[in-house]
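Hi,

Here is the structure I said I would pass along. Have a look, and my notes on what turned up are underneath.

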Amino acid sequence: MTMTATRIDRGSTDTTTIYSEGGDLVFERTFDATVEQVWKAFTDPALVPRWWGPHGTTTRVAEMDVRPGGAWRYVSSAPDRDDVTFYGEYLEIEPPNRFRWTFMFDVEGVGPMGGPETHMFEDVGGGRTKVTSVGHLGSPEAIDGAAASGMVKGAIETWDRLEALLAEG
C-alpha cells in the first residue's frame, strides 16, 4: 500500500492555485505569455525588479548568476519594515522550461529559513504558459509557519505584478 500526502488548499484564488502536499508548497498560475517571455522575466536581472515582491515593495537584484552553482540575492524594501534579503544558489537550469534554486531568507530570532524551490514553465498553447513553483519546505509545520507570515498573499501579489509586466509585451 502506498501512502500519499494529503493535498491541502492554502488560499487559492481565481488566478492562482496554492496547495501543500506533505512538506511541499505549490503555486500554479497560467500567464498570457510565451514560455520564452516568462523565462526571461524570471532570469533577466533588469526585469526581476519590475515585478518581484508584493505591492508596495521595491526589489534590488544584488546578485544574479543564472547557472548551476551561481548565486542570487534580492533585497526587498518597503516603507513599513526593514529590508529583507532573499538569497540562494541556482542548482539546475534548463532554459526555458525549468530551474531549481535554493530560496533562503533570514528570520529574526530564528535564523535562515527556506529550502530548494523548483520553477517549471509549461507551454499550454495559445501563447500561454503555466508556471508551477514547488517550494520544498520539509514539513507541514514549516508550511503553516510560512503561510502565517503572509507568504501566500505576497506570492499572489508578486505574480499579479508579473502578469502586468508580461501584458506590456
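A quick definition before the sheet: strands here are DSSP runs of E, at least two residues each, numbered from the N terminus, and two of them pair if DSSP finds at least two bridges between them. Bear in mind that this is a predicted model.

With that settled, strand 8 and strand 9 make a hairpin with two residues between them. In that turn, glycine 126 has a positive phi of about 65°. The two strands run antiparallel and are joined by eight bridges, with aspartate 123 standing opposite threonine 129 of strand 9. Strand 9 (residues 128–136) also pairs with strand 3 (residues 24–31), again antiparallel and over eight bridges. There, leucine 25 has glycine 135 as its bridge partner.

Now the pockets. The largest has a volume of about 1,200 Å³. Its lining counts 47 residues, and the closest to the pocket centre are Phe86, Phe103, Phe105, Ser149 and Met151. Among the elements giving two or more residues to that lining are strands 3, 8 and 9, along with helix 2 (140–148) and helix 3 (151–167). By class, the lining splits into 25 nonpolar, 16 polar and six charged residues.

The second largest pocket holds about 160 Å³ of space. Residues lining it include Gln37, Lys40, Arg50, Leu165 and Glu168. Helix 1 (35–43) and helix 3 each give two or more residues to this lining, and the largest share, three residues, comes from helix 1. Here the classes are four nonpolar, two polar and three charged.

Cheers

Definitions and conventions:
Residues numbered from 1 in each chain as written. Predicted model: local features only at pLDDT ≥ 70, side-chain atom pairs only at ≥ 80, totals over all residues. Heavy atoms only, no water. Helix = DSSP H or I, 4+ residues; strand = E, 2+ residues; numbered from the N terminus. 1 Å grid on protein atoms, 1.4 Å probe; cavity = no way out; pocket = protein on both sides within 12 Å on 5 of 7 lines; lining within 4 Å. Points joined across faces, edges and corners; volume = space filled by probe spheres on them. Nonpolar A, V, L, I, M, F, W, Y, C, P; charged D, E, K, R; others polar.
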